[in-house]
Amino acid sequence: MAKMEEKLEALLGPVVEGMGYELADLAFVKEGQNWYLRLYVDQEGGVSLDDCEAISRAVEEVMDEKDPIEQAYFLEVSSPGLDRPLKKDRDFERFRGHLVDLKLYRAQEKRKTFQGELVKKENGRIIIREDGQERSFEEKDVAQVRLAVIL
């Protein structure tokens with residue numbers, strides 16, 4: 001996570017969590033000529049549009065007061081979605097036993113994608129159970145882990 005994002009997470013995490021939500025992720029990115037501050041929030045049972053609006057208002061108040069960003073930006077608050085990415089250690093602990101999609105930077109065994117039950121993340125490795133067999137991946141080789149969506 002970039003230094004600005006770490007600073008913003010430290011500032012805004014307590015605001016979001018103080019309202020009873022989890023700050024699942026935060027991104028401060030430039031797209032075209034515009035900057036975006038995106039907060040992905042969650043709670044048991046999910047978040048509604050009203051929840052996102054309330055969080056947005058609280059965050060705007062803190063951002064106006066502390067003014068940590070020099071340039072103009074757009075604030076977006078949303079749910080991380082059903083296929084939420086797992087990034088933090090607490091995500092891997094919380095979703096242990098859930099079905100995940102794992103993508104690698106480079107192919108292993110002629111594959112870059114795997115799907116299986118999340119067993120654990122420890123000692124720099126992510127372990128899933130695919131077709132009854134445990135597979136272990138070095139964290140540095142993993143591009144992304146997301147909750148799998150079964151339709």
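Mentor: Quick ground rule: helices (H or I, at least four residues) and strands (E, at least two) are DSSP runs, numbered from the N terminus. Residues are numbered from 1 along each chain as its sequence is written, and side-chain values use heavy atoms, with hydrogens and water left out. This is a predicted model, with local features needing pLDDT of at least 70 and side-chain atom pairs pLDDT 80 or more, while totals for chains, interfaces and linings use all residues.

Trainee: Okay, where is Lys 110 then?

Mentor: Lys 110 sits in the loop between β4 (99-108) and β5. Its phi is positive, about 65°, although Lys 110 is not a glycine.

Trainee: Buried or exposed, that Lys 110?

Mentor: Exposed, with a relative accessible area of 83%. The cut-offs are under 20% for buried, over 50% for exposed and partly exposed in between, using a 1.4 Å probe and protein chains only.

Trainee: And what's phi at Asp 131?

Mentor: Near 50°, so also positive in a residue other than glycine. Asp 131 is in the loop between β6 (125-130) and β7, and is exposed at 78%.

Trainee: Switching to rings: how many aromatic pairs are there?

Mentor: Rings of Phe, Tyr and Trp (its six-membered ring) pair if their centres lie within 6.5 Å; planes under 30 degrees apart are stacked, over 60 edge-to-face, the rest tilted. That rule gives 4 aromatic pairs. In one, Phe 114 and Phe 137 have centres 4.8 Å apart and planes at 55°, so the pair is tilted.

Trainee: Which strands hold Phe 114 and Phe 137?

Mentor: Phe 114 is in β5 (residues 111-122) and Phe 137 in β7 (residues 133-138), so the pair ties together parts 23 residues apart in sequence. Phe 114 is buried at 2% relative accessibility, and Phe 137 is buried at 2% too.
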